[in-house]
Amino acid sequence: MSSVSPWTNVYGVARTLIAFGTLSTLLATGTESLFLPAQGVPDYPKCEGPAAIGIYCVMPGANLGLARLLSILVLLVVASGWRPRYTAIPHWWVTFSFQANVTAPDGGDQIAAVMALLMIPIALGDGRTWHWGTAPHRGTPQGRSRGWSLFAWSASVVIRIQVAGLYFQSSVAKLSHTEWADGTSLFYWLRDPYFGAPAWISPLTDAITRTSFGVIALTWGPLVIEFAMVLGLFAKRSVRPYLLAAGVSLHFFIGLLMGLGSFAFAMFGCLVLLLRPLDEPFGWVDRLAGRWRSTALGQKLAGVPEDVRTRAGTGPDDTGPDDTGPDDTEAETSEKRPVPAVRSGPARPATDLAKG
């Protein structure tokens, strides 16, 4: 397992999706709507216990708008994929602060904070400039880089178990409610004036929920998919893409019908981490990243000198000596040492070669 690099665009895609979920809420919701008094929450932001380390509590109360702006900037950088090693902890701090300090967080905000925390061990060993690029370790990592690789792979296993447990709890807990067990729950949810389907699609959902088959399919279908996600922890690699498509479809329609957009993005990221092996990069991401690196701006952001960009004409690999794993620089240096020129003439004894 450790012979293959975990630092591919797979966890990069997941990081971006999870960051975008929190970012979308911050962009679409004003500061006064995020922090307001509510029943049982007389003071805001909430700063009791561990929540006191949140960015909205560390900064003075009069600067909640500034704290929100800083959070947006951090999440924009994280979503862009730049320097995951240095943005991992700020990403967790911002997502933790949001779910701990705002008045009414939802389940997606809590999931995003947990996933950002669990991805820290992976990101700290990632020396790439962008988390979209080619993995820095081609072959078996050596020395401390091997240790970082083992650390990252171990974290990925913990993440998969966490996500599978999340789906298991969700599917089993629903069955404890009569409406889910008898297949009628979505009839009530989709017709609820607050959580129900939006007006533009309600005629369709109303027509579907008028039939027994439609109600049962809409209610038990999500339960079947959620339990299938649990089995994804043990499924063969050839089966996982189908499970991933099913899970993404489920959360897409939940977001569409119930307005839970940020929750959907958080779960998209979780599904990628659960069902897409880290050592199987997304080909479409590689192609897009290659095109980006081939542009002058992409090369400039990757730190390639202008004269080199002019001569090369193509995008660089973003795994230079400063962007490899923690201790791969020695291996790269040895690979780049010039090869002595072959001299003509009589053969020299081995002792002479050693001396010269």
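## A network of salt bridges

Arg237, Asp279 and Glu280 are linked in a network of salt bridges, and this network is a convenient place to start reading the structure, which is a predicted model. Within the network, the side chains of Asp279 and Arg237 meet in a salt bridge, with 3.0 Å from N to O. This pair connects distant parts of the chain, since Asp279 sits in the loop between α14 (261–275) and α15 (283–293), while Arg237 sits in the loop between α12 and α13 (240–258), and the two are 42 residues apart. Asp279 is partly exposed, with a relative accessible area of 25%, and Arg237 also counts as partly exposed, at 41% relative accessibility.

## Other salt bridges

The count of salt bridges in the model comes to four. One of them joins Lys174 and Glu226, whose side chains meet at 3.2 Å, N to O. Because Lys174 lies in helix α8 (residues 143–175) and Glu226 in helix α12 (residues 212–231), the pair ties together parts of the chain that are 52 residues apart in sequence. Lys174 counts as buried at 18% relative accessibility, and Glu226 counts as buried at 6%.

A further salt bridge is formed by Arg128 with Asp126, the closest N and O atoms being 2.8 Å apart. How buried or exposed is Arg128? Arg128 is buried, with a relative accessible area of 0%, and its partner Asp126 is likewise buried, with a relative accessible area of 0%.

## The disulfide

The model has one disulfide by count, formed by Cys47 and Cys57, whose sulfur atoms are 1.9 Å apart. A disulfide is a covalent bond between the sulfur atoms of two cysteines. The link of Cys47 and Cys57 is left-handed, with -95 degrees about the S-S bond. Cys47 is placed in the loop between α2 (31–34) and α3 (55–58), whereas Cys57 is in helix α3, so that the bond links parts of the chain described as distant, ten residues apart.

The two cysteines fall into separate classes of accessibility: Cys47 counts as partly exposed at 32% relative accessibility, whereas Cys57 counts as buried at 18%. Another cysteine, Cys270, is buried, with a relative accessible area of 0%.

## Helix α1 and Thr16

Helix α1 covers residues 9–28, and at 1.5 Å a residue its 20 residues should span 28 Å; the C-alpha atoms at its ends are 28 Å apart, which agrees with that expectation. How much of this helix is buried? Helix α1 is mostly covered, as 17 of its 20 residues are buried.

Thr16 has its place in helix α1 and is buried, with a relative accessible area of 16%, a value that falls in this class because buried means under 20%. When residues up to four places away in sequence are not counted, Thr16 touches Val78, Ala79, His131 and Trp132.

## The nonpolar cores

The largest nonpolar core has 47 residues, and those with the most contacts inside it are Tyr11, Met115, Ile159 and Leu273. The elements that give two or more residues to this core are α1, α5 (84–101), α6 (107–118), α7 (120–124), α8, α12, α13 and α14. Among these elements, α14 gives the most, with ten residues.

Ile159 shows how such contacts are arranged around one residue: leaving aside its neighbours within four places in sequence, Ile159 is in contact with Met115, Leu118, Met119, Ile122 and Leu273. There is also a second, separate core of 17 residues, which includes Leu23, Tyr56, Met59 and Leu75.

## Confidence along the chain

The mean pLDDT of the protein is 83, and 78% of its residues reach 70 or more. Over residues 312–337, however, the pLDDT is below 50, and this stretch has 56 contacts in the model beyond near neighbours in sequence. For residues 339–356 the pLDDT also stays under 50, and here the model has three contacts beyond four places in sequence. Where pLDDT is low, the predicted coordinates should not be read in detail.

How values were computed
Residues are numbered from 1 along each chain as its sequence is written. This is a predicted model: local features need pLDDT of at least 70, side-chain atom pairs count only at pLDDT 80 or more; totals for chains, interfaces and linings use all residues. Side-chain values use heavy atoms; hydrogens and water are left out. pLDDT is the predictor's confidence in each residue, from 0 to 100. Contact means heavy atoms within 4.5 Å. Buried means under 20% relative accessible area, exposed over 50%, partly exposed in between (1.4 Å probe, protein chains only). Helices (H or I, at least four residues) and strands (E, at least two) are DSSP runs, numbered from the N terminus. The expected span of a helix is 1.5 Å times one less than its number of residues. A nonpolar core is a set of buried Ala, Val, Leu, Ile, Met, Phe, Trp, Tyr and Cys residues joined through side-chain atoms within 4.5 Å. A disulfide is a pair of cysteine sulfur atoms within 2.5 Å.
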